[in-house]
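Welcome! Here are some short exercises to work through with the model open beside you. Try each task before you read its solution.

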Amino acid sequence: MSTRTKIVIGGVAVGLLLWPLIGFWMSLLVIIGVPAVAYLALDPGQRRRLRRVSRKELGR
C-alpha cells in the first residue's frame, strides 16, 4: 500500500471517528484536510515525483 493511500485512509478514519463528536461539517473538513495538509507538507521535488508516479499508475 502506498504512502498516499495510507494518508487518505487515515484521514477518512479520523473523520469518521470524530463525526459523532464534532458534527458532519467538521468531520468532512478533517477528511479533506488531512490529505491536503500532508500533500502541502511535501517539498516541490517530492510533489513532482508523486504526480509523476500517479500518472504512470494511471497509464498516461
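**Exercise 1.** Is Trp25 buried or exposed?

*Solution.* Keep in mind that this is a predicted model. Begin by finding the residue: Trp25 is part of helix α2. Next, look up its relative accessible area, which is 65%. Residues count as exposed over 50%. Trp25 is therefore exposed, at 65%.

**Exercise 2.** Place Leu28 in the same way, and say how far Leu28 lies from Gly11 in space.

*Solution.* Leu28 is found in helix α2. Its relative accessibility is 28%. Partly exposed residues fall between the cut-offs of 20% and 50%, so Leu28, at 28%, counts as partly exposed. Now for the distance: Leu28 and Gly11 are separated by 17 residues in sequence, and their C-alpha atoms are 9.7 Å apart.

**Exercise 3.** Describe the chain as a whole, beginning with its secondary structure.

*Solution.* Count the elements: there are three helices and zero strands. Read from the N terminus, their order is α-α-α. Then turn to the surface. The chain has 60 residues, and 8% of them count as buried. Its accessible surface is about 4800 Å², with 69% belonging to carbon and sulfur atoms.

**Exercise 4.** Which residues make the nonpolar surface patch of about 600 Å²?

*Solution.* Look for Val8, Val12, Leu16, Trp19, Phe24 and Trp25, which together make the patch. Then assign them to elements: α1 (3–22) and α2 (24–40) each give two or more residues. The largest share, four residues, comes from α1. Trp25, which you met in the first exercise as an exposed residue, is one of the patch members.

**Exercise 5.** Which residues line the largest pocket, and what kinds of residue are they?

*Solution.* Start with the volume of the largest pocket, about 270 Å³. Its lining consists of Ser2, Thr3, Arg4, Ile7, Val8, Pro35, Ala38, Tyr39, Leu42, Gln46, Leu50 and Arg51. Now sort the lining by element: α1, α2 and α3 (44–58) each supply at least two residues. Helix α1 gives the largest share, with four residues. Finally, sort by kind: seven lining residues are nonpolar, three are polar and two are charged. As a last check, find Val8 in both places: this residue belongs to the nonpolar patch and also lines the largest pocket.

Conventions. Residues numbered from 1 in each chain as written. Predicted model: local features only at pLDDT ≥ 70, side-chain atom pairs only at ≥ 80, totals over all residues. Heavy atoms only, no water. Patch = residues over 30% accessible without salt bridge, like charges linked within 9 Å, V, L, I, M, F, W, Y side chains within 5 Å. Areas by Shrake-Rupley, 256 points an atom, 1.4 Å probe, with all protein chains shown as cover. Salt bridge = Lys/Arg side-chain N within 4 Å of Asp/Glu carboxyl O. Buried < 20%, exposed > 50% of the residue type's maximum accessible area, 1.4 Å probe, protein only. 1 Å grid on protein atoms, 1.4 Å probe; cavity = no way out; pocket = protein on both sides within 12 Å on 5 of 7 lines; lining within 4 Å. Points joined across faces, edges and corners; volume = space filled by probe spheres on them. Nonpolar A, V, L, I, M, F, W, Y, C, P; charged D, E, K, R; others polar.
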